[in-house]
Amino acid sequence: MPHTDIRPGLIGRLPPGLQPFALLARWDRPIGTWLLLLPGWWALCLAPGLPPVGLMVWFGLGAIAMRGAGCTVNDILDRDLDAQVERTRGRPLPSGAVTLRQALLWLTLQTAVGALVLFQLSPLAIGLGICSLLLIGSYPLMKRITWWPQLMLGLTFNWGIPLGYAAATGRLTWPVLWLYGAGIAWTLVYDTIYAHQDKQDDALIGVKSTARLFGAQSRPVLAGFAVLMLALLLAAGVSAGLGWGYYGGLIAVAAHLIWQLTSWQPDDPADCLSKFRSNRDCGLLVLLAILLGKLT
């Protein structure tokens with residue numbers, strides 16, 4: 001069997017006609033939903049007062065819908081490129097399991113669910129959510145025109161930070177801006193690791209990435225972004241007035257990042273994928289640190 005990023009799992013229990021659409025939305029790989037959702041939860045928990053559980057549930061539904069919509073847009077735009085990459089040629093569009101018209105209808109449905117979630121939020125959050133459509137629509141094109149598509153992904157995947165804080169408070173403040181910067185630096189770490197899986201195929205078909213840009217220097221460069229992430233998380237905690245528990249939690253985040261980067265094997269696709277997936281735990285550690293900071 002060729003190397004592929006499809007992991008059917010529980011999706012295999014769905015009716016056969018629904019399985020390609022679940023794969024198009026990446027329901028077989030929930031790590032992407034976690035990486036989209038967790039920054040929004042960071043911001044919701046950073047906001048003054050108790051964690052807004054109701055908003056956290058809405059953000060969970062929104063993350064599933066909008067991550068799926070983003071993946072669908074990506075696959076629509078990249079269907080010809082995906083057919084040339086071993087890891088992606090089995091996806092629903094290049095394999096022919098889903099037609100372009102069906103993919104567009106599926107995109108519309110997922111976007112409608114995202115809109116339903118968005119319109120439960122504050123006016124400022126609704127405005128920010130509408131602005132995010134520009135990021136979602138343009139990100140898949142970045143790999144064709146810049147060596148920094150991972151930076152655009154960071155801007156996009158962490159948009160839940162200002163959105164979440166605005167939903168909880170109706171305003172934006174310095175702590176959330178520091179947190180947004182930390183999320184972008186984090187994305188540059190994990191998505192460059194992810195992009196190392198495809199660097200050979202990407203070079204053949206002319207797709208750009210920070211993995212190709214940094215090359216053999218990826219580990220020290222990503223260590224720099226990890227330090228930047230921690231510095232910005234520190235700034236967010238200080239400006240938000242979080243207690244000592246937050247800073248203890250950041251030690252655990254730092255330890256995870258050190259483990260991740262020192263044990264990473266850039267030329268081993270399986271290890272790249274494993275390290276990429278480990279960032280769910282990194283994001284959960286940041287969330288735990290924020291909650292501890294609110295309690296101490």
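Begin by selecting leucine 273, which counts as buried at 14% relative accessibility, where buried means under 20% relative accessible area, exposed over 50%, and partly exposed in between (1.4 Å probe, protein chains only). The model on your screen is a predicted one, in which local features need pLDDT of at least 70 and side-chain atom pairs count only at pLDDT 80 or more, while totals for chains, interfaces and linings use all residues. Residues are numbered from 1 along each chain as its sequence is written, and side-chain values use heavy atoms, with hydrogens and water left out.

Leucine 273 belongs to helix 15, which covers residues 269–277; helices (H or I, at least four residues) and strands (E, at least two) are DSSP runs, numbered from the N terminus. If you now add proline 15, which is 258 residues away from leucine 273 along the chain, you will find 28 Å between the two C-alpha atoms.

**Stop one: a network of charges**

Select Arg26, Asp75, Asp82 and Arg91 together, since these residues are linked in a network of salt bridges. A salt bridge is a side-chain nitrogen of Lys or Arg within 4 Å of a carboxyl oxygen of Asp or Glu. Side chains of opposite charge can pair when their charged atoms come close. The structure holds nine salt bridges.

Look at aspartate 75 and arginine 26, whose salt bridge has its closest N and O atoms 2.8 Å apart. Aspartate 75 lies in helix 3 (residues 53–77), while arginine 26 lies in the loop between helix 1 (19–24) and helix 2 (31–46), so this pair ties together parts that are 49 residues apart in sequence. Is aspartate 75 buried or exposed? At 0% relative accessibility, aspartate 75 counts as buried.

Stay with arginine 26 for a moment, because its relative accessible area of 5% makes it buried as well. The phi angle of arginine 26 is near 65°, which is a positive value in a residue other than glycine. Most residues other than glycine have a negative phi.

Next, select arginine 91, whose side chain meets that of aspartate 75 in a salt bridge at 3.5 Å, N to O. This pair, too, links distant parts of the chain, with aspartate 75 in helix 3 and arginine 91 in the loop between helix 4 (79–82) and helix 5 (92–95), 16 residues apart. The side chain of arginine 91 also meets that of aspartate 82 in a salt bridge, at 3.7 Å from N to O. Arginine 91 counts as buried at 6% relative accessibility, and aspartate 82 is buried with a relative accessible area of 7%.

**Stop two: aromatic rings**

A search of the whole structure finds 13 aromatic pairs. Rings of Phe, Tyr and Trp (its six-membered ring) pair if their centres lie within 6.5 Å, and planes under 30 degrees apart count as stacked, over 60 as edge-to-face and the rest as tilted. Select tryptophan 34 and tryptophan 41, whose ring centres are 6.4 Å apart and whose planes stand at 80°, so the pair is edge-to-face. Tryptophan 34 is partly exposed, with a relative accessible area of 29%, whereas tryptophan 41 is buried at 17%.

Which kind of pair do tryptophan 148 and phenylalanine 214 form? Their pair is edge-to-face, with 5.5 Å from centre to centre and 75° between the planes. Tryptophan 148 sits in the loop between helix 7 (123–145) and helix 8 (149–157) and phenylalanine 214 in helix 12 (residues 210–214), so the pair ties together parts that are 66 residues apart in sequence. Tryptophan 148 is partly exposed at 33%, while phenylalanine 214 counts as buried at 10% relative accessibility.

For a group of rings, select Trp42, Trp186, Tyr190, Tyr194 and Phe276, which form one aromatic cluster.

**Stop three: charges over rings**

A charge sits over a ring if NZ of Lys or CZ of Arg is within 6 Å of the ring centre and within 35 degrees of the ring normal. Select lysine 208 and tryptophan 147, where the charged end of the lysine sits over the ring, 5.8 Å from its centre. Then return to tryptophan 34 and add arginine 280, which lies over the face of that tryptophan at 6.0 Å from the ring centre.
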